[in-house]
Structure formats: structure tokens, C-alpha cells
Amino acid sequence: MLSKVIGRTRFTRLHIAATAVLVLAIAFSGAYWWRLLDTQAKLHEKTVNQVAQRALQLTEAMAGQADTLVHLVDFTVRHLGDDYGNGERGAFAATVETVLNAFPAGAVLQIGIIDADGYLVYSNLGLRERVFLGDREHFKVHAGSTEDRLFISKPVFGRVSKTWSIQFTRPIIVNGRFAGVVVLSLAPEYVSGILAGPDLGEDDVAALVDIEGSYLSRNRDLANAMGKAVPAERPFVGATAPVRGTVRAIAAFDKVHRTFAWRRLKIYPLVMVVGIGEAPILAALDAAMDDERQRNLLGIAIVLLLASGVAALLVRASSRQQALAESESRYRGFFETNTAVKLLIDPADGRIVDANRAAVAFYGYPRDQLLSLRIADINCLPPEEVKAEMARARAEQRLYFCFPHRLASGAIHQVEVYSGPVEVNGRPLLFSIIHDITPRIELERRLRESEELHRTLFETMAEGVLLTAPDGHIMNWNDAALRILGVDDASLINRRAQVVDATGVPLAAADFPSARAARGEELEHVLFGIQRDDGQTIWTTVSSRSLCREGKGKPCAAVVSFSDITPLIEAEESLKLSQSVFDAAGEGIMVTDAHNRIVAVNPAFAAITGYTRDEAIGKTPSLLASGQHDTAFYQAMWHRLLTDGRWEGEIANRRKNGTTFIEWLKITVIPDSSGKPRRFVALFSDVTERKQKEERVWRQANYDVLTGLPNRQLLEDRLERAMAQAHRRHAQVALLFIDLDRFKPVNDTFGHAVGDELLHQVGQRLENILRDEDTVARLGGDEFVVVLPDPRSAEAPDRTAEKIVAVLSEPFRVGEHILDISCSVGIALFPRDADHAAALIERADTAMYAAKEAGRATWKKA
């Protein structure tokens, strides 16, 4: 009976012991599994947070760049509108040229002006046809309004440029009334180039969208993004969306999992969005953790099975050896086939007693060679560092040790070792489970490199950047800040540079931009001047942002960024000077575009022509045409302009009041970057009075005062030219020398006044019967000469002589008198009778005397 009680007691104790073993095993396994999941969850969370932080940092940097770009474009559009609205076409043209030169090639697709009726009246690309843009959003938003504000359109497909563009527009207000819209079309590709930073990975994206989510530009797949928008449920879409933040989502474009960060620009209704692809970062981590969970799950199963085996051994004391053998067999099977790396180590000398197949595969040694090694042959740490790591694990309450293990290949892998004592066949051993954490270490290394990359971006930015502490002192800065300010580190920290406001008034150190930012003020492109030690004053545009998420307006760390805009300020002053010279010039100035439309005139133009600036703008120079020049004249002018790039000469034009004036005109071609004419600049002065004086002097020298016919000097000039032309053409020239018969009695009888009038009527009759190309001249007294260049036939001079004799033989009425005279005509031909002018006249004179001797009222040939 006692033996049965003792037996039952032993049986109960064995069951309690077995239960305790199972509970402890389950508790250990549960703690181990919880620790594993907790560690992996923290690592995953840390990695996701680091990705989000990186996305935020990139977003802030790119938002600053985008803010600067949009502000620069806004500044440019405002100046273009002011110049055009003020009627300063020269300044406007110069501003357009400056803008096109200031931006990279292809960045500015078009600069245009839309009038109040919605028609495009100016484009730097030229106007081939009349284009209506009144239905465009960027026109309708300003139409009829006098509110001067910048509007940034969704990308539109230009009817003139035929490309996608972002329209930056402002209204043109003239005398308080809406007069049109100035448009600057920016290429989305230019913005995309700015977004395509070197620190973006293959799956990373950066995009600039408006508050409604429409894409303005994207660093990749830009063509498909044009005209589209991000999903409406994105947290940064909408006017009431948060200014900044992060979100994890699947991209609508390519279905890639990304962590998105956004930052809304302060002034402009735009949002900078950066998406970091999670797959390259989290895929390896998730795979490693999944593999680790599987291996440990198998390991835990083994532990529980071992505990079950121990319990079974305790319960089945009667068959201890058999149960132990079965347990050993099961243990060996699980040990060998488990995918987790497992080692049995003798704690006395560190020799590896056993290793499973996973360990053999991991370390790369043959099994026999692996079992001949000691753990010190694999662990790269010396004994004192091994002890130090064990002490750290105890202090940190870690269940694992971190060691570097050397593989057979020589490669060093970082591992976590979970180790505990076991007894095998009565022999105390250490049972170690080894997890390879090299991928995790590599991921952490890449994250550190990413942080270093962000630091490099900070150091290499072209903008100056300062970081200020809440107490106002400058904590950090980049090289660009020192270069722009022209100071060294000490001068920057002590704020020794002299800062002035936009009017040139020096500021106290407490009012410096960095000090104001530290007090919580947020600056948006505020203009400040810096008086450097070398005497130069530079002008900067400054922006600042608080680094506090809450409590704006309170002292807080802040970032201050600034850019050197001195060239823009100097260009503005140069434009003002050029406009002053243009307005003050004494010569008339007219500027036309490539299509010969007037785009600018100066006050002298209005004074000379009578046309006001508004009456001339948009017209062609034909507005001034007098009709005195034929098509050939203008064709020759344009040929010379397009060939030599300039033309200079005299031209007759008509004023607004209808009077004709003579001007001395100089035209210069201004080409574009490709060499094609872009502008034509004409300078002219009124030389009418001088030409009239010259004409009177020339006429007095070349025409007979009494009859208005050419005199001897002009006759000889025309005769010589006719003879030279006939010589080239192998033709003839006929000269008819005319002397009046019975003219002297008229003078003697009726007086010189009647004689003079008779001579005048003779000249008129001779002009009426001759061709336009013929010349009739009075040599003096009653002698006249007719030159027939290139007679149409051999008989033509004879017939002309007969006609002259006949017409001058008819009666003349001079006042109350009827006068009868006649004439004698002598004919000489070139080159038959003479080869130069004087000889030809002399031969004709001789022939004339022969006609008189023949009885007068007839003609004779030489």
C-alpha cells in the first residue's frame, strides 16, 4: 500500500515536472517570438519613418527651388505687363529679350500679349494668323477684372507654340481698366529637369501639382502626366488640405507603393510632392524578416517538441531509455532538417559539437571540417570583446548577442546569436540559433549614406542656406551662403555684414533676416541688400521657414534661404536708361517685329509724322507711304535689308495731315538667336526743307527760266548719257537744231514781253509733239534743240523735223496779237555724223543754216 502511494506521488510529481517543462518552454518560445516580432516591427517602423523623413527633406528642398522659380517667373511677368501697359514698346521688347536670354534655351516657350477681346496680339514666336484665346482659362480668370494677381494655369496645349506649356499670367491694367493679359509660357520639361535631382532613385518621383491635384510637371513619364491629375482622395488635394505631411499610398500612374511627402508653397497655390519607392528599401527587409520568422518558427517548434519529449520522459520513467532514444531521434531529425542555422557548442573549450545542414550551407564548410573548428575560429571578435558584448546584452536585457562570423569564403557576416544551455546524453552544451542580419546592416548603411547624400545636397545648393537656433544664433550654413554674402565663418556668426532694406536703409542686427526667422517670422522673397567688404552691394531675395510643427510666431529653429538677384536688379536699371534715351532722341524711331508690324515709336516719331503712339502701334510702315515709290524700290530695299542687315537712303513719306515730306532713313535688322530677323529698327529725320532748297538750286542751274525747258548744261548731260547708252546698244541718237524764222521782227515790233511769251508757247508746242523719253531744250535766244534717243526707224528724225516745222508754222496768239513765224531745222545723227556731244550739236547747227539758205521753213540733214 505504501509503495503504491509512493508510486502515485512520484507519478504526480513527474506530471507536475512535465507540465512545468511545457509551460516554461511555451513561455520562453512566446517571449522569444514576441521579442522577434517586436524587433522586426520596430525595425520596419524605423525604416518607414526614415523613408518618410527623407521624402520630407527632399520635398522641403525642392519646394524651395520651386518657390524661387515661380517667384522669378512672377517677377518677370509683372515687369513684362508693366512695360507693355505703360506703352513702352522699346522697354517691352528689351525686357522680352532679357527674359529669353536669362532662362535656359527651351525653358520659355512663348511670351505673349492677349488683348481685352481675347485675341493674341503679340508673341515672341511671331503671329502667322489671328489667334483667339478668349476661351482659355488663363484669359477668362482675368477678363474684365482689375485685380492684379498672378494666375498659374494647368498645362495647356498651345495654339501657337503647338506644345504643352504652363501659363503664368497677369492682367494688363491701363488707366484703371482691363486692357489684356500678359502670358509667359513655361515648358513643363524645364521644370521636370529641375525636379530630376541626382538623389532620386529609379522608383522615386517628384511632381509639382496645383491645389486641385493637376500635374504641372513630373520628373518621369511627363508626357503621360500632362492634362491629368492625382487621385482626388490624396490628403494634399484641396484648398483646405494640410500645408505639409506624408502618406503611404499606391501610385496611380505605375501602381508602385511609395511614401509620399508634400509641401504647399507659401504664396502660390502649388504643391511639391515627392514619392519614395518603398519596394527597393522594404523588399529586402521584409524578405529577410519573413525568412527569419519562418526559421524561428521552426526553431520554436523544435523547442516545444523538445519540451514535450522531456515531459514524456518524465512521465514515462519506466521506459526512460526508450523514450530518451526516441526523443534523441526526433531531436536529430528536427535539428538536421530545420532551415535555421543551429550549432551545439561545448562551453568548456568552445568546440563545435554538432551543426545542422543549414549551418553547413551557411558557413560553407564541409560538415567534418566544421565540427573540427572552435567557435573562436568563426567569431572574428577577440575574447575580451566577446565578453564585452555579452555584458552589453545582459545590461540591455537582450536575448541575443551580435557577432561577426567568418564564412569559409572569407566573407564576414553580421549575425545575432540566440544561445542557451542544453544537456545531451548527460553532457552540458550550448544550443545556439544564428540569424544572419547582414541585409539589415546593409539597409542601415544605405540609410546612413542617404542622410549623407542629403547633407551633400545642402552643401552644394546654389542658394545660400542658414539654419538658426531658437535663441537667434546661426547654427549651420552652406558654402553658397558665405560666397553670396562675401564673408567668412566668423563674420557670418557675428553678423558683421551690413544689411540694408529695399530702400537702402541699413538694418540693425536684430532686424537681419536670420534674426527675424529665429523669432518665428516667415519671410517670402523679401528684398535685402548686402554691403560686402569689397565695397560691392549685392541684392538678394530672402525666404524663411520655421522648423516647428506648431506654435508659429514663437522663437524656434528656422531655415533661411536666399538667392543673389543683383543681375536682375542691374538689368532693370539698364532698361530704364535705354527707355530714357529712346524717349529723348531727336530723330524719329520706329521698331517693327518680324512681320513688319509696328511695336514701338518714340515721341519724335509722333512730332514728325503726326501719328500718335496708339495710332501707330500694330500698323505696318505702309501707314506712311506716299505713293511716290514703286514696287521695285521697296523690293530693292528689302533685298538689301535681308542681305546686309541694314539700309540707308532717302524716301518720300506722307504725314497724317496728308502732306508729303522727305526723310533720311536708316534701317537696321536685329536678328534672333538663330540669325533670323526679329526686329527692324528705323531712325529717320525730316530733310524736306533741305531737299526743297537743293531742288530750287538744281532747277535754276539746269532749266531755262523763261520757257521751263532744260538749258544747255542739262541738254549736254542728257545728250552724253543718251549717246553712251546708244553706244552700248549699238543704236542711234538724233539731234535736231531749231532756229525760229522771223522772230526778230516780232521783238522789234511788239516788244520783248510778247517775244518772251512767244518763246514760251514755242516750248510748249515742242513738248506736246515729242515722246516722254525725248528732250527739248532752249540754248538761248530763239534757238532750240531736240534729242531723240534711239529713234524707232531711220525715217523717225525726218518725220519729227517735218512735224516741228508744221506745228511752229501755225499762227500763235499772244495777247491780242496773231503772230506768224516758222523755223529751220538741222538734223545730225550719232554715231554717223559725230562721236561726242559738242561735235554733234555743231553738225546739227551747220545743217540748220543749210535749211535757212534753202528758203527757211524746212529741214536739212548733216
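1. His 142 makes contacts with Arg 149, Phe 151, Thr 169, Arg 170, Pro 171, Phe 178 and Val 181, when residues up to four places away in sequence are not counted. In this predicted model, His 142 lies in the loop between helix H3 (137-140) and strand S3 (151-152). The residue has a relative accessible area of 1% and is therefore classed as buried, the cut-off being under 20%.

2. Thr 259 belongs to strand S10 (residues 257-264). Its relative accessible area is 2%, so Thr 259 is buried. The side chain of Thr 259 is joined to the side chain of Glu 278 by a polar contact of 2.6 Å. Leaving aside neighbours within four places in sequence, Thr 259 also touches residues including Val 51, Ala 52 and Ala 55. Val 247 and Arg 248 are among its contacts as well, as are Val 274, Gly 275 and Ile 276.

3. An open sheet of five strands deserves attention in the inspection of the model. Its strand order is S13-S12-S16-S15-S14, and the pairing is antiparallel. Strand S13 (352-355) and strand S14 (401-406) form the edges, each pairing on one side only. From one strand to the next, the twist averages 35°. Helix H6 (residues 279-315) packs on this sheet and touches S12, strand S15 (412-424) and S16. The direction of H6 makes about 160° with that of S16.

4. Within that sheet, the pairing of S12 with S16 can be followed residue by residue. Strand S12 (residues 341-345) and strand S16 (residues 427-436) run antiparallel and are joined by five bridges. Leu 343 has Ser 432 of S16 as its bridge partner.

5. Strand S30 (residues 783-789) has five of its seven residues buried, so the strand is largely enclosed by the rest of the structure. Strand S28 (residues 733-741) pairs with S30 in the antiparallel sense over seven bridges. Leu 736 has Val 786 of S30 as its bridge partner. Strand S29 (residues 775-780) also pairs with S30 in the antiparallel sense, here over five bridges. The bridge partner of Thr 775 in S30 is Val 787.

6. The connection between S29 and S30 merits a separate remark. These strands form a hairpin with two residues between them. In this hairpin, Gly 781 takes a positive phi near 60°.

7. Two packed helices are described by the angle between their axes and the distance between the axes. For helix H21 (residues 712-729) and helix H25 (residues 837-853), the angle is about 105° and the axes are 10 Å apart. H21 and H25 are therefore roughly perpendicular to each other, since that class covers angles of 65 to 115 degrees. On the H21 side, the contact is made by Leu 715, Glu 716, Leu 719, Glu 720 and Met 723. H25 contributes Ala 837, Leu 840 and Ile 841.

8. Helix H23 (residues 752-769) offers a check on helical geometry. Its 18 residues, at 1.5 Å a residue, should span 26 Å, and this agrees with the computed result because the end C-alpha atoms are 26 Å apart. The buried residues of H23 are Val 754, Gly 755, Leu 758, Leu 759, Gln 761, Val 762, Gly 763, Arg 765 and Leu 766. Gln 761 and Arg 765 are thus to be noted among the buried positions of this helix.

How values were computed. Residues numbered from 1 in each chain as written. Predicted model: local features only at pLDDT ≥ 70, side-chain atom pairs only at ≥ 80, totals over all residues. Heavy atoms only, no water. Pairing = 2+ DSSP bridges. Helix = DSSP H or I, 4+ residues; strand = E, 2+ residues; numbered from the N terminus. Axes fitted to C-alpha atoms, helices over the stretch in contact; angles between N-to-C directions. Contact = heavy atoms within 4.5 Å. Expected span 1.5 Å × (residues − 1). Buried < 20%, exposed > 50% of the residue type's maximum accessible area, 1.4 Å probe, protein only. Polar contact = N/O pair within 3.5 Å; in protein donor to acceptor, adjacent residues only side chain to side chain. Parallel < 35°, antiparallel > 145°, perpendicular 65-115°, else oblique.
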